Amino acid sequence: MKCRYFIPSLLICTMFLSGCVEREILDDLYIETAKAFDYEGEDKIRGTSLFPIYLADKSIQNGTLSAEASSTREVLEKLERRSQQPLVRGGLDIVLVGEELAKKGIIDIGDSLQRDASVGARLYLTVTEGEAGELIKGNYGLRGNGTYLSNLIHHNITRRELPETNLHMFVYDYFQEGQTPYLPILKQLSNESVAITGIALFDKDKMVKKIPAKDMFFFKLLVDKFAEGSHVIKMGKERSRGHVEKSVEASVTSLISKSKIIVKHNSDPVEVTIRVKIRGIIREYTGKNLTPDKVIEVEKAMKKDIEEKCMKMLKEFQELGIDPVGIGQNQKHGIRGFDFKEWEDNIYPQVKFNVDARVQILEAGTVE
C-alpha cells in the first residue's frame, strides 16, 4: 500500500529539485579550448582566449578575445566584459606562454589554473617562440586550434621525443625539492603549421635554457621512458662500387628505454651514474651490407652518442644549478634525513657524472 504513494512523491521532488539548477545551452557559451599569455611590459600581461564557433555548415571557426592586465584573474575579468557570451574554461586543453614572459616567471599562471576547479590538471602548459597570442590565432586543422595543438603535444609524448609533461607535473616539480620543471616549446611555421622546436628548462618558474629539437631524444632518455620513437646514427663514410664516398646512416626505431640513477655517497666528490638501457630495431641502413658485425658497430656508435650527449647535458644542468633529471629527488627517497640545502649548495655543484648506456639491437630490417 505504501509503494503506490512513494513513486508519485519521488517524481514531484525531482521536478522541484531540477528547477533549482540553472541550465545553459552550449550554443550560448564560449567554451575555451586554449589560452595564451604574453609579456606586455612591467607588471602587465596580455591574455588571449581561444574558443570554437560552430557554423551552420558544421565547420569550426576560431574565435579569439584579448585583454591586458596585471594578473591572470584580472585578464579573465576583462575578457568576460568584452565577451557577448559567457566564457567557460571547462574545455581548456592547452595554455601557451610567450618566451619573454616565461623568462620573467610563470608560476602565477600555473597556480591560477590549478586553483580553478573547472580546469583539468592534465592540460598542457607550453612555451612559444615569439608571441603566444599570435600563434594561437593561426588556422590549424579542421577541429579548431585548441584540439590541434593539444593533439600535437600528445602525439609527440607518446610516439616521439617529447617527455611527458602537463600542468600538474609542472606545478608539482616547482614546489617539490630536488627537481626543476621543464615544458615543450612551440613555434609557428606558417598560418597553418606549428612545430615543437625544443624543451624549455626552468630554475624555479623562470626559463633559463632551451634544449634544441635535435637533442630532445637524449633529454627524454634522462628524464622519461621511451615506449616508441626513432633515432638516426651517423656511421661515418663508406666507399661504394663506383669508389665514391657516401655518408652511412642507421635508423633505429621502435625504441624501448629506461634509466636508473646510481649515487656513490662515500666517494669524494660524490659520483652519480645514469644508467640507460635501450633496445631497438634497425629499420633502415644506407650502407652496402648490414652484417652482424655492422649491427655491433651500430650498437657501439649509438652507445657513444648517448653517453657523450647526455654527459654534456648533465654538466650544463650542473653549471646552471638546475636538476630536471631529479637527482636530488631521487636522494630524498633513498636517504633518511636528506639535507636538500647541503645538496644544492655544496654537493650537487661538485658531483662527478658518469653515463653508462647499454644498447641492444633486437633485429635488423630494411637494407639499402
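In this predicted model, phenylalanine 175 counts as exposed, because its relative accessibility of 54% is over the 50% cut-off. Its ring forms an aromatic pair with that of tyrosine 174, and the arrangement is edge-to-face, with 4.7 Å from centre to centre and 85° between the planes. Tyrosine 174, by contrast, is buried, since its relative accessible area of 19% falls under the 20% limit.

A second edge-to-face pair is made by phenylalanine 219 and phenylalanine 317, whose centres are 6.2 Å apart and whose planes stand at 90° to each other. This pair links distant parts of the chain, for phenylalanine 219 belongs to helix α8 (residues 216-223) and phenylalanine 317 to helix α9, 98 residues apart. Both phenylalanine 219 and phenylalanine 317 are buried. Over the whole structure, a search finds 12 aromatic pairs, and ring pairs also link Phe338, Phe340, Trp343, Tyr348 and Phe353 into a cluster.

Rings can also have a charged partner. The charged end of lysine 104 sits over the ring of tyrosine 39, at 5.0 Å from its centre, and the charged end of lysine 220 sits over the ring of phenylalanine 226, also at 5.0 Å from the ring centre.

**The nonpolar cores**

Phenylalanine 317 appears again in the largest nonpolar core, which has 67 residues and in which Leu186, Ile306 and Phe317 have the most contacts. Helix α9, made of residues 292-320, gives the most to this core, contributing nine residues. Apart from this core lies another one, of 32 residues, which includes Ala69, Leu87, Val97 and Phe170.

**The sheet**

Eight strands form an open sheet, in the order β4-β3-β2-β6-β7-β8-β9-β10, and their pairing is mixed. At the edges stand β4 (60-69) and β10 (206-212), each of which pairs on one side only. From one strand to the next, the twist averages 30°.

The table sets out three of the strand pairings, each with its direction and its number of bridges.

| Strands | Direction | Bridges |
|---|---|---|
| β2 and β3 | antiparallel | six bridges |
| β2 and β6 | parallel | four bridges |
| β6 and β7 | parallel | five bridges |

Single residues let the reader follow these pairings in the structure. Alanine 36 has threonine 48 in β3 as its bridge partner, while lysine 35 has valine 95 in β6 as its partner. Valine 95 in turn has a bridge partner in β7, namely leucine 125.

Is strand β6 largely enclosed by the rest of the structure or largely open? Five of the five residues of β6 are buried, so the strand is largely enclosed by the rest of the structure. Ile94, Leu96 and Gly98 point one way from β6, whereas Val95 and Val97 point the other way, and all of them are buried.

**Helices against the sheet**

Helix α6 (residues 145-158) packs on the sheet and touches β2, β3, β4, β6, β7, β8 and β9, with its direction making about 65° with that of β9. Helix α8, the helix that holds phenylalanine 219, lies across β8, β9 and β10 and runs at about 50° to β9.

Leucine 152 gives a closer view of α6, the helix in which this residue lies. With a relative accessibility of 16%, leucine 152 counts as buried, because the value is under 20%. When its neighbours within four places in sequence are left aside, leucine 152 is in contact with Leu186, Val194 and Ile196. Of these partners, Leu186 is also one of the residues with the most contacts inside the largest nonpolar core. Isoleucine 196 is 44 residues from leucine 152 in sequence, and the C-alpha atoms of the two are 8.3 Å apart in space.

**An exposed loop residue**

Where is alanine 117 placed? This residue is in the loop between α4 (107-115) and β7, and alanine 117 counts as exposed because its relative accessibility of 82% is over 50%. The C-alpha atoms of alanine 117 and arginine 89 are separated by 9.5 Å, and the two residues are 28 residues apart along the chain.

Conventions. Residues are numbered from 1 along each chain as its sequence is written. This is a predicted model: local features need pLDDT of at least 70, side-chain atom pairs count only at pLDDT 80 or more; totals for chains, interfaces and linings use all residues. Side-chain values use heavy atoms; hydrogens and water are left out. A nonpolar core is a set of buried Ala, Val, Leu, Ile, Met, Phe, Trp, Tyr and Cys residues joined through side-chain atoms within 4.5 Å. Buried means under 20% relative accessible area, exposed over 50%, partly exposed in between (1.4 Å probe, protein chains only). Helices (H or I, at least four residues) and strands (E, at least two) are DSSP runs, numbered from the N terminus. Rings of Phe, Tyr and Trp (its six-membered ring) pair if their centres lie within 6.5 Å; planes under 30 degrees apart count as stacked, over 60 as edge-to-face and the rest as tilted. A charge sits over a ring if NZ of Lys or CZ of Arg is within 6 Å of the ring centre and within 35 degrees of the ring normal. Two strands pair if DSSP finds at least two bridges between them. Axes are lines fitted to C-alpha atoms, for helices over the stretch in contact, and angles run from 0 to 180 degrees between N-to-C directions. Contact means heavy atoms within 4.5 Å.
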